[in-house]
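Good morning. I will go through the open and enclosed spaces in this one, and then a few points of backbone geometry.

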Amino acid sequence: MKRPVAVVGVGQTHHASRRSDVSIAGLVREAVDRALLDAGLEHKDIDAVIIGKAPDMLEGVAQPEQYLVGAVGAHMKPMLRVHTAGSVGASTAITAATHVASGLYNRVLTVAFEKQSEGNTMWALSPNLPFTAPLVAGAGGYFAPYCREYIARTKAPLHIGPLTMVYARENGARNEYAHLREPVTVEQVMETPMLWDPIRFGETCPASDGAAAMILACEELAKKGPRRPAWIKAAYTFAEAMWVPNRDQVSPKAGQICAGKVYEAAGITDPWKEIDTAELYVPFSWFQAMWLENLGFCAEGEGWKAIDRGDTRFGGRLPIDPSGGVLCTNPIGASGMLRLAEAALQVMGRAGSHQVEGAKTALGHAYGGGAQYFAMWVVSSEL
Amino acid sequence: MRLGDMVIEPMTQRQVMEFPYKHSTGPIVGRFLAALKEQRQIWGQRVSGGAVIVPPQGYSEWDGSAGTEWVPVEDQGVVVAVAKVWQPVERLHPFPEPFAYVLVRLEGADTALLHVVKTDFDHVRIGSRVRAEWLPDGERRGSIWDIREFRLLPAA
């Protein structure tokens with residue numbers, strides 16, 4: 001960061017399969033209104049707006065940011081829309097952070113959303129691409145082989161995926177905004193239908209409607225309150241090409257590099273010891289073990305053991321996704337922003353029932369596309 | 001384009017994408033549409049600065065603030081813009097026969113509503129006075145097409 005930037009307001013909607021009570025604009029405004037209220041601000045206090053969502057095919061509204069300019073209070077202000085597939089919520093927030101860090105703007109509103117109920121995500125994410133055979137895999141079909149490969153490489157026992165979901169649901173039950181809040185057992189998860197081996201129905205994220213918003217501010221304004229801010233110590237995004245030879249999608253290189261850059265800039269040498277909690281983008285259970293290794297929390301082959309030991313459980317050594325994460329709530333475009341926002345709430349000490357006690361440093365992480373886009377930030381309670 | 005000794009003509013591949021979406025109206029647009037069906041009444045909403053927005057969105061586009069009181073407006077007004085469609089595109093335009101798109105500033109409203117003139121559409125021009133032609137009771141569904149069209153009124 002060229003100059004300090006902080007999260008000064010956080011807002012999110014209640015997430016559900018169908019928020020048929022609101023329009024897209026209404027959903028977005030629900031999160032924006034809460035973020036403004038949280039920060040004690042009004043639209044007139046905002047210098048610029050950065051908005052993000054996943055592909056337009058999900059709702060079938062082309063360039064929705066165009067009709068949302070007025071809804072997010074961006075009339076006569078700079079406004080940008082960010083696109084990076086599933087990671088977009090995180091890269092949107094990071095774009096907002098760089099807008100403030102650059103010195104051009106002092107207070108920026110960032111918002112991301114998805115209203116999956118208006119379309120069909122499986123259809124939208126499985127376009128019949130010209131010149132190739134149609135795959136119709138959806139996200140689960142695309143990522144399942146990498147989970148299988150992870151299991152083959154690490155000899156992880158097969159209960160790790162279901163156990164990850166058990167912990168996630170325990171956390172979701174404590175989060176008033178989460179979509180799935182019913183606790184489950186390993187046995188119950190194992191009894192659900194196998195969708196894409198090794199991913200069972202009970203190990204997938206839900207399809208959610210929801211939105212998230214944050215207000216980011218420069219040091220001078222952040223210190224004015226009214227709340228204790230979350231200071232952004234480092235934020236990076238990295239991408240990798242889809243068909244580059246010998247690409248490893250179990251532990252993508254761009255994810256490793258992005259994490260390394262974020263830790264370096266945040267002055268973190270041992271993330272396992274120095275990070276108190278992390279909100280990782282885990283849409284399918286096995287990805288938690290995979291990201292623990294990819295992000296340097298655990299050595300290769302050791303990620304699943306941390307889960308098995310209960311280290312990643314709420315109250316454990318390194319609680320992962322204390323909000324319940326993507327496994328409990330997945331409004332795709334907003335999911336990455338929720339990871340970053342939940343990390344911020346943790347270091348602000350304002351995560352409510354899912355607060356990790358004494359959390360001072362937290363990682364927010366998202367990935368998107370064919371494990372191609374990575375976006376992460378480290379936030380701290382201290383400037 | 002060449003393939004060995006062969007000359008290949010430029011190639012294309014046909015792709016058809018089709019999927020039905022379902023959009024939630026939310027309470028604001030929902031109330032506007034429900035009133036078309038139940039009341040044959042067009043409602044606007046006042047926003048900051050006093051302007052009446054039709055159709056209402058629930059917020060002020062000027063400053064993002066929430067809309068305030070609901071205001072009934074007349075179902076007649078003045079055409080402020082017109083575009084005549086002499087050759088409608090199949091499955092894209094709403095009707096197979098020629099018609100005119102119009103922006104109508106209804107009496108009592110500060111914004112213009114997008115709709116169509118079908119009857120005598122070739123006579124419509126900026127400044128024309130028009131009135132809503134409603135579908136009869138029992139046929140209105142809570143849609144902008146509960147107004148069949150706007151019809152030209154005699155010049156005042």
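I start with the second largest pocket, where α1(B) gives the most to the lining, with 6 residues. Keep in mind that this is a predicted model. The space in that pocket comes to about 950 Å³. It is lined by 30 residues, and those closest to its centre are A:Tyr67, B:Thr25, B:Val29, B:Pro56 and B:Gln57. Two elements give two or more residues to this lining: α1 of chain A, residues 24-39, and α1 of chain B, residues 26-39. Sorted by class, the lining of the second largest pocket holds 17 nonpolar, 9 polar and 4 charged residues.

Now the cavities. How many cavities of 30 Å³ or more are there? The count is 2.

The largest cavity has about 60 Å³ of space. Its lining is made of 13 residues, and the closest to the centre are A:Thr164, A:Ala168, A:Gln288, A:Ile320 and A:Asp321. Which element supplies the largest share of that lining? That is α6(A), with 4 residues. In chain A, α6, at 160-174, and α13, at 325-328, each supply at least two lining residues. The classes here are 6 nonpolar, 6 polar and 1 charged.

The second largest cavity has about 40 Å³ of space. Here I can give the lining in full: A:Gln12, A:His15, A:Asn175, A:Ser323, A:Gly325, A:Thr329, A:Leu338, A:Arg339 and A:Glu342. Helix α14 of chain A, residues 332-348, provides the largest share, 3 residues. By class, the lining of this second cavity has 1 nonpolar, 6 polar and 2 charged residues.

That leaves the backbone. As a reminder, most peptide bonds are trans, and most residues other than glycine have a negative phi. I have two exceptions of each kind to show.

First, the peptide bonds. In chain A, the bond joining A:Gly225 and A:Pro226 is cis, with omega at about 15 degrees. Where does A:Pro226 sit? It is in the loop between α8, residues 219-222, and β8, residues 230-239, of chain A. In chain B, the peptide bond from B:Val54 to B:Pro55 is also cis, and omega is near -5 degrees. B:Pro55 belongs to the loop between β4, residues 52-53, and β5, residues 70-73, of chain B.

Next, phi. A:Ala371 is not a glycine, yet its phi is positive, at about 50 degrees. The residue is in the loop of chain A that runs between β10, 361-368, and β11, 373-380. Is A:Ala371 buried or exposed? The relative accessible area of A:Ala371 is 1%, and the cut-off for buried is under 20%, so A:Ala371 counts as buried.

The other case is B:Asp120, again not a glycine, with a positive phi of about 55 degrees. B:Asp120 is in the loop between β8, residues 113-117, and β9, residues 129-134, of chain B. B:Asp120 has a relative accessibility of 46%. Partly exposed covers what lies between the 20% and 50% limits, so B:Asp120 is classed as partly exposed.

To go back over the volumes: about 950 Å³ for the second largest pocket, about 60 Å³ for the largest cavity, and about 40 Å³ for the second largest cavity. On the backbone side, the cis bonds lead into A:Pro226 and B:Pro55, and the positive phi values belong to A:Ala371 and B:Asp120. That is what I have for today.

Notes:
Residues are numbered from 1 along each chain as its sequence is written. Chains are lettered from A and ligands numbered from 1 in the order in which they are written. This is a predicted model: local features need pLDDT of at least 70, side-chain atom pairs count only at pLDDT 80 or more; totals for chains, interfaces and linings use all residues. Side-chain values use heavy atoms; hydrogens and water are left out. On a 1 Å grid over the protein atoms alone, a cavity is a set of points where a 1.4 Å probe fits but cannot get out, and a pocket is an open set with protein on both sides within 12 Å along at least five of seven lines; lining residues have an atom within 4 Å of a point. Grid points are joined across faces, edges and corners, and a volume is the space filled by probe spheres set on the points. Ala, Val, Leu, Ile, Met, Phe, Trp, Tyr, Cys and Pro count as nonpolar, Asp, Glu, Lys and Arg as charged, and the others, Gly among them, as polar. Buried means under 20% relative accessible area, exposed over 50%, partly exposed in between (1.4 Å probe, protein chains only).
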